[in-house]
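Work through the following exercises with the sequence and the model at hand. Each task is followed by a solution in steps.

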Amino acid sequence: MFDPHAIRADFPILKRRVNDHPLIYFDNAATTQKPRQVIEAERDFYENHNANVHRAVHTLSQEATELHESSRERIAKFIGARESSEIIFVRGTTEAINLVAYSWGMRNLKAGDEVLLSLMEHHSNIVPWEIISKITGFNIRYANVNPDGTLDYKDFESKLTSKTKLACLSQVSNVSGAINDVKRLAKVAHEKGALMLVDGAQSVPHMPVDVYALDTDFLAFSGHKMLGPTGIGVLYGKKPLLQAMAPFQGGGEMIKDVSFIQEEERCGISLNEPPWKFEAGTPNIAGGIGLAEAVKYLERLGMNEVFRHEVELTAYAMKRLGELKKVTIFGPANAESKCGIIPFSVDGLSSHDVALFCDTFGIMLRSGFHCAQPLHQVFKLQSSARASFYVYNTKEEVDRFAEVLKEMEEF
Amino acid sequence: MARTEGTCGAEKDIIVIFKYEKKEEAIAHILKKAALKNSIAGIIYELTFDGRSFRVYTSGKAIFRSIKDKEELNSILATLLL
């Protein structure tokens, strides 16, 4: 049985106090806390197995390589990838999207082509495309978002045309928590001859995600938002696409052969196979091992149960916050169509005041644009406060949060 | 003062974080010099000083609005904290 109270015992940080109050961590959309198992896995690697991977025949290197590659296999299975070679280790979602932009986009997008985004995208799924569109000359189109923060599917589908070469969409909005039907849109994109990139930063940690069922061409996500370490993330890509793509960075690991050609005074190079073709230099080995341990932890909880817990907690929090006179909640009204995220405002106070007030009571919230400024323009907001939940959050914490906000209403 | 941080959002507020061990002293100085407009149970103080409105939190943070630049902020803080 899924029991957040029992789960909390695995998270050392949740025992601490902040400003003389028990810590209530509601900033999970930014990053999540780490269970003892993940911390221990990284410590064990450095204490017992640390060596570089794929580079040496000695025992430690073999152990490190085995741990590194078995981590990749576990992560591949977690998202339903057919082969571990479809899993590229990167620093996080941002780097994963940049990898696609520079390795695929720079060579495949030209003047007259279009890339379709939505107005609910995180800046990491906007800025790389805006940057390279200035270089290669393709156009970017933005699908509208409805006033409740849900995607305007009709608009998205109408903007998918024969000119569209790539559609990029977050599966879950990091501001409103709205869940997008990326399977439906991947199908339409493919019918138009476009590829589909899914930003899974807010979905992979919170709900079952199967790349094969979604039929997405690329999926990007971050380890630190799913109980794993910072500095490690994943780009999933369909194998034929990865095989055809140019490398992202050059260096060791991504190369098979570098041979000096005396007559031409240059080096001939032959590239490694995916995934290593995209992993120049020494990878974040401990990070990958930590992420695999986080995946193991989530698998033990069950992703259906994780999602159910968050829907239940979100519904409860929306009910409690809905009882407050000065609090306005943004985003979808139905907790089941969102994923553990509640953006809100308090009349007469800036989001930063809300976050600072809650901080005084040990409650960690996010305030600002949450790296999604265009969506705040849709909501006509200067900024918003955001509470976001995860496996270790409880109804008791939501009750305390509502009490603190009630106190704030007196201001 | 430990550091200042520009906020993310259209408001462009600046958050001032006082050194943890000096936060009570800093807040006491500020409360002496600025005019109190409102407060909640000694947790937030809404204050004005030199025509500028700002809020101080007992957790050792303050939020300043409509500040032109860091130089202006430093000048206000110097007067408030000394």
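**Exercise 1: a helix pair**

In this predicted model, H4(A) and H5(A) are to be classed by their relative direction, which comes out as roughly parallel because angles under 35 degrees count as such. Derive this result and describe the contact between H4(A) and H5(A).

Solution.
1. Take the axes of H4 (residues 93-108) and H5 (residues 127-136) of chain A: they come within 10 Å and cross at roughly 20 degrees.
2. Compare that angle with the limit: roughly 20 degrees falls in the class under 35 degrees.
3. Assign the hand: the crossing of H4(A) and H5(A) is right-handed.
4. List the contact residues. H4(A) brings Ile97(A), Asn98(A), Ala101(A), Tyr102(A), Gly105(A) and Met106(A), and these meet Pro128(A), Trp129(A), Ile132(A) and Thr136(A) of H5(A).
5. Sort them by class: 7 are nonpolar, 3 are polar and none is charged.

**Exercise 2: the sheet of chain B**

Give the strand order of the open sheet in chain B and find the helix of chain A that packs on the sheet.

Solution.
1. Trace the 6 strands: the order is S1-S2-S6-S5-S4-S3, with antiparallel pairing.
2. Locate the edges: S1 (3-6) and S3 of chain B each pair on one side only.
3. Estimate the twist: neighbouring strands are turned by 20 degrees against each other on average, ignoring direction.
4. Inspect one pair: S5(B) and S6(B) are joined in the antiparallel sense over 4 bridges, and Arg55(B) has Ile63(B) in S6(B) as its bridge partner.
5. Look for the packed helix: H12 (residues 351-360) of chain A touches S2 (14-17), S4 (44-49), S5 and S6 of chain B, and the direction of H12 makes about 170 degrees with that of S6(B).

**Exercise 3: the contact between chains**

How many residues of chain B are in contact with chain A, and which elements of chain B give two or more of them?

Solution.
1. Count both sides: 17 residues of chain B contact 16 residues of chain A.
2. Assign elements: S3 (35-40), S5 (52-57) and S6 (61-64) of chain B give two or more residues each.
3. Classify the side of chain B: 8 nonpolar, 5 polar and 4 charged residues.

**Exercise 4: two domains of chain A**

Describe how domain 1 of chain A touches domain 2 of chain A.

Solution.
1. Set the bounds: the domain assignment gives 4-30 + 302-408 for domain 1 and 39-299 for domain 2.
2. Place the C-alpha centres: they lie 28 Å apart.
3. Count the contact: 25 residues of domain 1 against 22 of domain 2.
4. Find the largest share on the domain 1 side: H11(A) supplies 5 residues.
5. Classify the domain 1 side: 16 nonpolar, 6 polar and 3 charged residues.

Terms used:
Residues numbered from 1 in each chain as written. Chains lettered and ligands numbered in written order. Predicted model: local features only at pLDDT ≥ 70, side-chain atom pairs only at ≥ 80, totals over all residues. Axes fitted to C-alpha atoms, helices over the stretch in contact; angles between N-to-C directions. Parallel < 35°, antiparallel > 145°, perpendicular 65-115°, else oblique. Left-handed = near helix turned anticlockwise from the far one by under 90°. Contact = placed C-beta atoms within 7 Å. Nonpolar A, V, L, I, M, F, W, Y, C, P; charged D, E, K, R; others polar. Pairing = 2+ DSSP bridges. Domains from an automatic or database assignment.
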